[in-house]
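Reader: Could you walk me through one part of this model up close? I'd like the annotated site and the charged residues around it.

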Amino acid sequence: MKTALVLASNSPRRRQLLQEAGLTFTIRPSTIEEHMDQKLPPSKVVTDLAAQKAESVPKNDEEVVLGADTIVTVDGKILGKPSNEEEAFKTLRFLSGRTHEVFTGVALVKGKETSTFYSRTEVTFYELTDEEITRYIGTGEPMDKAGSYGIQGKGALFVKEISGDYYAVVGLPLSKTVRELKKLGVSLPQ
């Protein structure tokens, strides 16, 4: 029997990445309230959050549920999604001219088994002016994103360089995810 893929997320970015990879899946978003233990290392935080999401979604034995979560850290401090424009401004000002880390955790649940992995990517920003930050916030793009920016959108203009997986910064380490799904029996495009 064919193993079906379920995405436990409403993230348009994750949906688009899976579609671009040619995968067939259904969306069954997690509605749990996430619990983050900030005392844990970032890699553990993102894999725990991804597992919480994937494990909370109803499933049957012929399905693999994919949950994912992304966080941004600087000097070990987790920078979440901004709650307002002022917070987005402070975050982007803080990231200006610095290197930060983006961690994306992935959890794959099949039956009673959960496997997790994560990707860590370093992103360095150019020095940003207050005007650049304000104009960017005016686009609305930063408001639902960890670290207050989207590398796949206008936030790309702030990025000087990255070291690691670009797609993990977007929200899903695509190549590693596809390889792990294959091991669990999810059909891949030809």
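**Around the annotated site**

Author: For "active site", an unreviewed UniProt entry lists Asp69; UniProt positions follow the numbering used here, feature names are shortened, and annotations may be inferred rather than shown by experiment. Keep in mind that this is a predicted model, where local features need pLDDT of at least 70, side-chain atom pairs count only at pLDDT 80 or more, and totals for chains, interfaces and linings use all residues. Residues are numbered from 1 along each chain as its sequence is written, and side-chain values use heavy atoms, with hydrogens and water left out.

Asp69 sits in strand β3, residues 63–74 (strands are DSSP runs of E, at least two residues, and helices runs of H or I, at least four, numbered from the N terminus). At 7% relative accessibility Asp69 is buried (buried is under 20% relative accessible area, exposed over 50%, partly exposed in between, with a 1.4 Å probe and protein chains only). Beyond four places in sequence, its contacts (heavy atoms within 4.5 Å) include Arg14, Glu34 and Lys53.

Lys53 is worth a pause. Its side chain makes a 2.6 Å polar contact with that of Asp69 (N or O atoms within 3.5 Å, one able to donate a hydrogen and the other to accept it; residues adjacent in sequence count only if both atoms are side-chain atoms). Lys53 also forms a salt bridge with Glu34, 3.4 Å from N to O (a Lys or Arg side-chain nitrogen within 4 Å of an Asp or Glu carboxyl oxygen). Glu34 lies in the loop between β2 and α2 and Lys53 in helix α2, so this pair ties together parts 19 residues apart in sequence. Lys53 is buried at 11%, while Glu34 is partly exposed at 39%.
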